[in-house]
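The exercises below are worked through one step at a time. Try each task on the structure before reading its solution.

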Amino acid sequence: MAETSQVSPEISSQANADGRPVYEVGFHLLPSIPEEGLGAVVEKIRTLLGKAEIIAEGFPAKMTLAYTIERAHTGKRDKFTQSYFGWIKFVVEDRSNTQALQESLRTMPEVLRFLVIETTREDAKEAPRRAVFSSDRLEGETIKKPVAAEKGGEVSQAELDKSIEALTG
Amino acid sequence: MAKEYVPQFNTIDYKDIETIKKFLNPHGKIMARRRTNLSSHGQRALSEAVKRARFMALLPYIVR
């Protein structure tokens, strides 16, 4: 199971000034691998990258998965709730190399799941975010009904007295 | 007059779960653009990141 997707060419051209595409492979390794054996597996994945220049890396760390991943292996369905998650960001010369990488990762028994994506050179977490305040809108304010001018007319004293008497009885 | 904070970003890392979670409802669904206040580009980046994170079991598909 793998997924390959690309960010828009506009973003990648902005980020990768040298014109070479930057890819990132994220992978889950089986939780049954001993801690001391993780280095060897990562090294195996690094060799699959070939001549690609590695620019950033996250060493596999144990994590609890958000849902149980099932995998059929040697006629038995294994369930995993934990894994070692790691990632490697690398620059390639030729985009077609990533297809071979995906094929190789698919056949690796230690890899539970992986994802190869095209990304940007800088870390998205580190990228400065612009705080933009929307224009002055009348949000949250009650729109008031325009007050109509009172129609005032002259009332004679006699009429006024008559209406008061009618009210008081 | 109330001024509203509008977060802006063009890229969002699928591994950055803390940021992504701010834009999900308690059921794990992506909030609408009128709630996230993101630009159309930002909303698409968010949507892409959420789907990648779900595939990699960093986020659940559904929360009951």
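**Exercise 1. Read the order of elements in each chain of this predicted model.**

Solution.
Step 1. Along its sequence, chain B follows the pattern β-α-α-α. That pattern comprises 3 helices and 1 strand.
Step 2. Chain A has 4 helices and 6 strands. Starting at the N terminus, they are arranged as β-α-β-α-β-β-α-β-β-α.
Step 3. For burial, 18% of the 169 residues in chain A count as buried. In chain B, the share is 31% of 64 residues.
Step 4. For contacts between residues at least 6 apart in sequence, 76% of those in chain A join residues at least 24 apart. In chain B, 65% of the contacts with a separation of 6 or more are between residues 24 or more positions apart.

**Exercise 2. Decide how far strand S2 of chain A is enclosed, and find which strands it pairs with.**

Solution.
Step 1. Strand S2 of chain A covers residues 22–29, and 8 of its 8 residues are buried, so the strand is largely enclosed by the rest of the structure.
Step 2. Sort the side chains by direction. Val22(A), Glu24(A), Gly26(A) and His28(A) point one way from S2(A), while Tyr23(A), Val25(A), Phe27(A) and Leu29(A) point the other way. The residues on both sides are all buried.
Step 3. Look for the partners. S2(A) pairs with strand S4 of chain A (residues 76–91) in the antiparallel sense, over 8 bridges. Within this pairing, Leu29(A) has Tyr84(A) as its bridge partner, and Phe27(A) has Gly86(A).
Step 4. S2(A) also pairs with strand S5 of chain A (residues 111–119), again antiparallel and over 8 bridges. Here Gly26(A) stands opposite Leu115(A).

**Exercise 3. Describe how strand S3 of chain A is joined to S4(A).**

Solution.
Step 1. Strand S3 of chain A covers residues 53–73, runs antiparallel to S4(A) and is joined to it by 14 bridges.
Step 2. One residue to locate is Lys62(A), which stands opposite Tyr84(A) in S4(A). Tyr84(A) is also the bridge partner of Leu29(A).
Step 3. S3(A) and S4(A) form a hairpin with 2 residues between the strands, and Thr74(A) in this hairpin takes a positive phi near 50°.

**Exercise 4. Check the length of helix H2 of chain A against its number of residues.**

Solution.
Step 1. Helix H2 of chain A covers residues 38–49, which is 12 residues.
Step 2. At 1.5 Å a residue, the helix should span 16 Å.
Step 3. The C-alpha atoms at its ends are 17 Å apart, which agrees with the expected span.
Step 4. Continue just past the helix: Gly50(A) has a positive phi of about 70°.

**Exercise 5. Compare the surroundings of Asn37(B) and Ala57(B): which is buried and which is partly exposed?**

Solution.
Step 1. Asn37(B) is not a glycine, yet its phi is positive, at about 60°. Ala57(B) is likewise a residue other than glycine with a positive phi, near 60°.
Step 2. Place each residue. Asn37(B) lies in the loop between helix H2 (33–36) and helix H3 (40–55) of chain B. Ala57(B) is in the segment after H3 of chain B.
Step 3. Count neighbours, with 20 or more as the threshold for buried. Asn37(B) has 17 C-beta neighbours inside 10 Å and so counts as partly exposed. Ala57(B) has 22 inside 10 Å and therefore counts as buried.

**Exercise 6. Trace the contacts of Ala45(B) and Ile20(B), and identify the residues that touch the most other members of the largest nonpolar core.**

Solution.
Step 1. Ala45(B) lies in helix H3 of chain B. Ala45(B) is buried because 21 other C-beta atoms lie within 10 Å.
Step 2. Leaving aside residues up to four places away in sequence, Ala45(B) touches Phe9(B), Asn10(B), Thr11(B) and Ile12(B). Ala45(B) and Ile12(B) are 33 residues apart along the chain, and their C-alpha atoms are separated by 6.1 Å.
Step 3. Under the same exclusion of residues up to four places away, Ile20(B) touches Ile12(B), Ala49(B), Val50(B), Ala53(B) and Leu59(B).
Step 4. The largest nonpolar core has 33 residues, of which Val25(A), Phe27(A), Ile20(B), Leu46(B), Ala49(B) and Ala53(B) touch the most other members. The elements giving two or more residues to this core are S2, S4, helix H3 (97–107) and S5 of chain A, together with H3 of chain B.

Key. Residues numbered from 1 in each chain as written. Chains lettered and ligands numbered in written order. Predicted model: local features only at pLDDT ≥ 70, side-chain atom pairs only at ≥ 80, totals over all residues. Buried ≥ 20, exposed ≤ 12 C-beta atoms within 10 Å, placed from the backbone. Pairing = 2+ DSSP bridges. Expected span 1.5 Å × (residues − 1). Contact = placed C-beta atoms within 7 Å. Core = buried A, V, L, I, M, F, W, Y, C linked by C-beta atoms within 7 Å.
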